[in-house]
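This report describes how strands, helices and chains are arranged in the structure shown below. Please keep the structure in view while reading.

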Amino acid sequence: MLAYAFRRLGQSLFVLALMSFLVFLGVYAIGNPIELLVNPEADDVERMRATVALGLDKPILTQYATFLVHAAKGDLGRSFVYNIPAIQLILERLPATLELAFVATVIAILIGIPLGLVAGLKPDSWLGRGIMAGSILGFSLPTFWVGLVLIMVFSVELGWLPPNGRGATVSVLGVPVSFLTLDGLKHLAMPALNLALLKLSLLVRLTRAGTREAILQDYVKFARAKGLPMRRVIGVHVLKNIMIPIVTVIGLELGSVIAFAIVTESIFAWPGTGKLLIDSINQLDRPVIVAYLLVIVTIFIVINFVVDVLYSFLDPRVRIGTAAGAH
Amino acid sequence: MSALLEVEGLKTHFFTKDGTVKAVDDVSLSVERGKVLGLVGESGSGKSMTGYSILGLVDPPARIVAGSIRLEGRELVGLEPEAWRRLRGNRVSMIFQDPMMTLNPVLRIDTQMVEAVRAHHAVSREAALERCREALAWVGIPSPEERLRAYPHHFSGGMRQRVAIAIALINRPAVVIADEPTTALDVTIQGQILFEMQRLCRESGTGLVWITHDLSVVAGLADDVCVMYAGRIVESGPVDDILDHPMHPYTRGLLDSIPSRNTPGKPLSQIPGMSPSLARLDAGCAFRERCERAHADCHPAPAVARPSPLRTLRCAHPLP
Amino acid sequence: MKLVAAEAADREAVRAPRPESPWTRFAAEFAQSRLALFGLALLVLIALVALAAPWIAPQNPYDLAQLDMMDSRLAPGAQSLAGKTYWLGTDDQGRDMLSAILFGLRISLVVGVTSTLAAMAIGLSLGLAAAYFGGWVDAAIMRVADIQLSFPAILIALILLAMLGQGVGKIIVALVTVQWAYYARTVRSSAMVERQKEYVEAARGLALSRPRIVIRHLLPNCLPPLIVVATVQVAHAISLEATLSFLGLGLPITEPSLGLLIANGFQYVLSGKYWISFYPGIALLVTIVSINLVADQLRDILNPRLKR
């Protein structure tokens, strides 16, 4: 087990290094930020001075090397626009994004799995078919459009929920969270629901497919032949089998939820890292873009790694190192 | 009657959009205390479906349409599902063919055994575990403690099937239905399991229905035999009687195709043709297309006859 | 005698061999879902309408001469001074929404389908190569694909577009980059399975040349899952392009796709002028839903594990 974990760790670090290089290269090819930050009237001397000050005159590899050295110390450059350390900017906004992503995932799980179970157990009933039709709608609807419609209905027409921004926050372990206040919840409701929609539909379909397959298996027949009540057959035998791929998917999709928050944050003006990214791209604030990508890549790699290791815990057949069975 | 299980005129049909499939069409059999009944037939003959019907595991689009199943004198057909469930795994149990998939791969052995006990008896987990150890000992699994805490994939096929047998016997049912339990195992293991099941049943007085396509298995194991074809029992009786004096051409065909009964060097004899589609049965004898003794009056199908007190036969032109 | 699972044999009627081609059977199975047929019909309709946009749209929304600022932000059903009815209203430039939607649909479809086809071609070749050659070729291609697939498409596309800038070609490049890995992986796993089957051994035994084995034998058997993936991916591509355009990174204003139209109208939602964003969204939605309905049925038909 441990050997496997170490190997994965090594792979992850390699990927991290590779990504950082690619990101660095790519972002620095965008354009010349000097044009943005320096007065267009400035003469060449001014530009020269600004270039040197921002370190943009050195060859790319040198810039990368300097960058790596600084990165190791936690310094990922200063934002061209805000003039504070990029990493600080990202970390300030990260809790908002993570909160949104987390709440959205919870919503998707709490609604998606039960619905999928029902759809899988009664696939030909009205309810089952309705759920499936709903799920098709759910992942076909473009997220940003749904957000728009939500705002139209709940903010403009009904006036129940605020259309943008984050609500009042409370500090938990030093991290500001907004789901513990009523105001916070009101602001969270639409964005979280919006973000959850895609994953919810996916989960419904996944759970349904898993259930349909599981029901046909021999161990379900055997469980019934033992005279077990249906709720145990479904709740223990079937559920435990389908949970393994589902948990894996949820874990892996968590990263994608965080990324997709970019869109939701743009619509609802949620003060997270996604909105920051879009603005930075438009303003060519390279250090922030780089810092964002590195943080996201790190988060992803960590998530993938954890899910991998977790999977081997959940599925007893995959546990490496325990006494292997016969055929 | 000392019969633990009595099935009469059982009909289980599938209602699909391609037509009605008569999987079990007027089947009658009985099992006595401590005796073994062999139910023999090809794939598609309806023998498994008979087993499922007895257990009440018939799901839509199939349905028991007629007949009676009496377990220890209690009528099962028409019983409400919850009542049937209480008997399932308790007074009548089933063992399936593929031990690899019968046990749930993500649950421990003890979980799967204990739940079989506690579904029918309100006992503590400890008491249930005690029963489990007992049951494992019956089927010859040593050091039950470690086995209980293991997962199915830690066991070989033969072991898994023994566990399945232990689970089937754990509540000391009156009747056990074994659906080709040794087909997927090595031949050597097969022999062991056959022997042990026979012993267990004799010792505990449990009735055993052994479903198989292999007549040679039945020869060594069963007391009585029912031969099934296209959803009907075509012949039944004590095993020695049937093997020595088969009356139905199909039974004869089955016997003749056993390799050890053929002369070395000569081509193996076969039953010509294919088994019929159960959706396209007509009113005649289902075997007549393949039978060399077929005649015009094999249509309509002959009724069940009793050529001797212990034998039944469905044939218009039996072997002499 | 081959032993089939007794239950399945009991249940299933032995089918007499039917003298019909696999295509007829495929069509028949597809038609079993009325929902899928509906989706297909809708899809065909949308495609036809989109193709015919230049001829059937009441107005050419790109022709500045035809636009009248006085007509801007009119509600659906309003009339212009010249008596033309704006069935779906106008946007802030005075463009007829219906026309804008028709043209936008065209662009969205073209971008979606083109990128899917290109990604499929690339992914197919790479996947087959990986499966056939095995060894380090396989490892290299799959490693790259895996790494790419572990990151969300939107992120990769965002960064790519940030680097490349705007334009139809660039967006297609971004979409292809994001998609090829799905095809490669799908094809590779089908091909790996097929490779081990006996008919490939047989073909090799007959000393058929490698490309021939790959094209004539491996390929046809890898097609079913590929078709399902491709259909779903067209919908993804369209959706992704719309999202990127919405964020301002996709197609330029000169060739507005549905996403951009929605983005344009976003600022007016709060003041009640919902139609500028709403109707393009409906068009997008209908397109994607119909594709997904078709894809769903395809997946169900081609999934061997659910065959009962």
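In chain B, strand β3(B) pairs with strand β8, residues 207-212, in the parallel sense, and 5 bridges join the two. The model discussed here is a predicted one. Within this pairing, B:G38 is found opposite B:W210 of β8(B). Strand β3(B) also runs parallel to β9(B), to which 4 bridges connect it. There, B:V40 has B:V227 of β9(B) as its bridge partner.

Is strand β3(B) mostly covered or mostly uncovered? Spanning residues 36-40, the strand is mostly covered, since 5 of its 5 residues are buried. Both of its faces are covered: B:V36, B:G38 and B:V40 are buried on one side, and B:L37 and B:L39 on the other.

**A second group of strands**

Chain B also contains an open sheet of 4 strands with antiparallel pairing, in the order β2-β1-β4-β5. Why is one side of β2 and of β5 in chain B left without a neighbour in the sheet? These strands, β2 (19-32) and β5 (74-75), stand at the edges and have a single partner strand each, so one side of each lacks a neighbour there. Strand β1 (residues 3-16) and strand β4 (residues 62-71) of chain B are joined in the antiparallel sense by 8 bridges. In this pair, B:V7 lies opposite B:I69 of β4(B).

**A helix and its surroundings**

Helix α11 of chain B covers residues 249-256, and its buried residues are B:P249, B:Y250, B:T251, B:R252 and B:L254. These buried residues pack against α9 (215-221), β9 (224-229), β10 (232-238) and α10 (239-244) of chain B. Strand β9(B) therefore appears in two settings, as a packing partner of α11(B) and as a parallel neighbour of β3(B).

**Contacts with chain A**

Chain C places 33 residues in contact with 33 residues of chain A. On the chain C side, the elements giving two or more residues are α7 (153-164), α10 (210-246), α11 (258-266) and α12 (275-302). Of these, α12(C) gives the most, with 9 residues.

Chain B has 29 residues in contact with 23 residues of chain A. Here the elements of chain B that give two or more residues are α2 (81-87), β6 (92-95), α3 (99-102), α4 (109-118) and α7 (157-169).

The table gives the classes of residue on each side that touches chain A.

| Side touching chain A | Nonpolar | Polar | Charged |
|---|---|---|---|
| Chain C | 23 residues | 8 residues | 2 residues |
| Chain B | 14 residues | 10 residues | 5 residues |

Notes
Residues numbered from 1 in each chain as written. Chains lettered and ligands numbered in written order. Predicted model: local features only at pLDDT ≥ 70, side-chain atom pairs only at ≥ 80, totals over all residues. Buried ≥ 20, exposed ≤ 12 C-beta atoms within 10 Å, placed from the backbone. Contact = placed C-beta atoms within 7 Å. Nonpolar A, V, L, I, M, F, W, Y, C, P; charged D, E, K, R; others polar. Pairing = 2+ DSSP bridges.
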